[in-house]
Amino acid sequence: MSLENIQHIVLVLSGKGGVGKSSITTQLALALSLQGRSVGVLDIDLTGPSIPRFFGIEGAKVKQAPGGWVPVSVHDAQPAVPSSEEGQAPRSGSGLGSLRCMSLGFLLGNRGDAVVWRGPKKTAMVRQFLSDVQWGALDYLLIDTPPGTSDEHISLVETLLKQTSPGQVAGAVVVTTPQAISIADVKKELNFCKKTGVTVLGVVENMAGFVCPSCAECTNVFSKGGGEVMATEFSVPFLGSVPIDPMFVMLIEEGKRPVYPKGTAVNGKNVEENGTATDGNQEHNRDEGLLVEKYMSCSLHPIFDGIVRQLVTRLEG
């Protein structure tokens with residue numbers, strides 16, 4: 001069974017489309033890897049598979065092996081690198097964990113191909129992903145889901161309950177944005193978790209602010225705090241608020257290391273404190289390094305580092 005050597009399975013859910021589930025999943029995976037955990041990402045958003053693009057591996061192809069598919073590697077595990085070693089980004093004492101992905105996007109002929117499937121075929125594909133992908137030993141498997149509570153979600157939960165041991169499905173991270181219309185739909189996802197017996201590990205409020213790339217301001221363009229109020233209402237943990245950062249978009253789309261104006265502060269923390277501000281003289285090395293290493297210069301990394309530490313503390317003790 002492909003899931004038997006996975007320690008913790010975490011679903012990333014939302015009742016609303018366009019709230020940034022794939023972005024949250026990507027950053028959770030990068031932050032877990034930076035904390036030394038081996039991570040797999042399974043993309044079951046069959047009609048809009050975006051995980052390959054987020055990790056910069058759209059051109060990769062899945063390989064067949066005896067017993068199923070071999071997931072695509074983003075990077076392999078690496079030992080810790082001390083901060084004094086020139087030319088390398090410092091990593092924690094646990095080193096860098098491996099990161100692998102599986103998505104329907106790897107099986108399509110090109111990015112623009114439409115997936116026009118009825119419910120039964122979607123259900124069969126989800127079950128095949130859960131049974132035929134050879135993940136090997138993993139600390140965490142993150143499952144990026146489509147919006148809503150449709151066929152994919154029901155099939156996913158039913159199959160996981162049948163194929164996993166007690167406690168292996170750790171629970172779900174639920175993503176919302178601050179607006180009332182989004183929160184109203186995401187509440188349905190929390191009710192879905194309650195009905196299906198999936199533990200809610202916490203709520204992440206995405207798009208809570210905008211990090212200006214031209215000045216040092218972070219402005220709450222969509223308001224802020226609605227996700228925390230919803231989490232309190234449902235008595236589930238609130239994991240944190242995440243602003244929109246155009247530098248993260250540039251990292252994903254162009255592979256460039258983020259740089260910020262001096263004095264930029266996000267969630268009350270000065271970006272300079274994390275060594276991510278620049279005077280603009282480092283343009284020559286913005287393209288160098290692994291995605292995960294360049295992500296360490298992103299203003300969002302400290303936020304997700306904190307979110308992941310909360311999850312790890314709860315799941316690993």
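1. Two strands count as paired here if DSSP finds at least two bridges between them. Strand 2 and strand 6 (residues 99-103) clear that bar, with five bridges in the parallel sense. Bear in mind throughout that this is a predicted model.

2. Strand 2 has a second partner as well: five bridges tie it to strand 7 (residues 138-144), and that pairing is also parallel. G40 is a handy place to see both sides. Its bridge partner in strand 6 is R100, while in strand 7 the bridge partner of G40 is L141.

3. How many of the five residues of strand 2 (residues 39-43) are buried? Five of the five, so the strand is largely enclosed by the rest of the structure. Side chains in a regular strand alternate between the two faces of the sheet. Here V39, V41 and D43 point one way, G40 and L42 point the other way, and all are buried. Note that D43 is in that buried set.

4. On to the overall picture. The protein chain has nine helices and 13 strands. Its radius of gyration is 19 Å, close to the 20 Å that the globule rule gives for 317 residues, so the chain is as compact as a globular protein of that length. The C-alpha trace spans about 55 × 45 × 45 Å along its principal axes, and 52% of the 317 residues count as buried. Looking at contacts between residues at least 6 apart in sequence, 79% join residues at least 24 apart.

5. Now the core. Nonpolar side chains tend to be buried together in soluble globular proteins. The largest nonpolar core in this model has 89 residues, and F55, F129 and I143 have the most contacts inside it. Helix 1 gives the largest share of this core, seven residues. If you want one residue to click on, try F129: leaving out residues up to four places away in sequence, F129 touches L42, D43, I44, L46, W69, M102, S103 and L104. Of these, L42 and D43 belong to the buried set of strand 2.

6. Helix 1 also holds a polar residue worth a look, S22. Is S22 buried or exposed? With a relative accessible area of 11%, under the 20% cut-off, S22 is buried. Its side chain makes a polar contact of 3.0 Å with the side chain of S50. Setting aside neighbours within four places in sequence, S22 is in contact with S50, I51, F54 and D144.

7. Helix 7 (residues 246-254) has M247, F248, L251 and I252 buried. Why are they on the same side of the helix? They cover an arc of only 140° around the axis, which puts them there. The buried residues of helix 7 pack against helix 1 (21-34), helix 2 (51-54) and helix 8 (291-295).

8. Both ends of helix 7 deserve a glance. At its start, a side-chain oxygen of D245 comes to within 2.9 Å of the backbone nitrogen of M247. Just after the helix, G255 takes a positive phi of about 75°.

9. Finally, a surface position. V116 sits in the loop between strand 6 and helix 3 (119-132). Despite being a valine, V116 is exposed, with a relative accessible area of 73%. From V116 to S235, 119 residues along the chain, the C-alpha atoms are separated by 38 Å.

Technical notes: Residues numbered from 1 in each chain as written. Predicted model: local features only at pLDDT ≥ 70, side-chain atom pairs only at ≥ 80, totals over all residues. Heavy atoms only, no water. Buried < 20%, exposed > 50% of the residue type's maximum accessible area, 1.4 Å probe, protein only. Helix = DSSP H or I, 4+ residues; strand = E, 2+ residues; numbered from the N terminus. Arc of directions from axis to C-beta. Contact = heavy atoms within 4.5 Å. Polar contact = N/O pair within 3.5 Å; in protein donor to acceptor, adjacent residues only side chain to side chain. Core = buried A, V, L, I, M, F, W, Y, C linked by side-chain atoms within 4.5 Å. Rg over C-alpha atoms; globule rule 2.2 N^0.38 Å.
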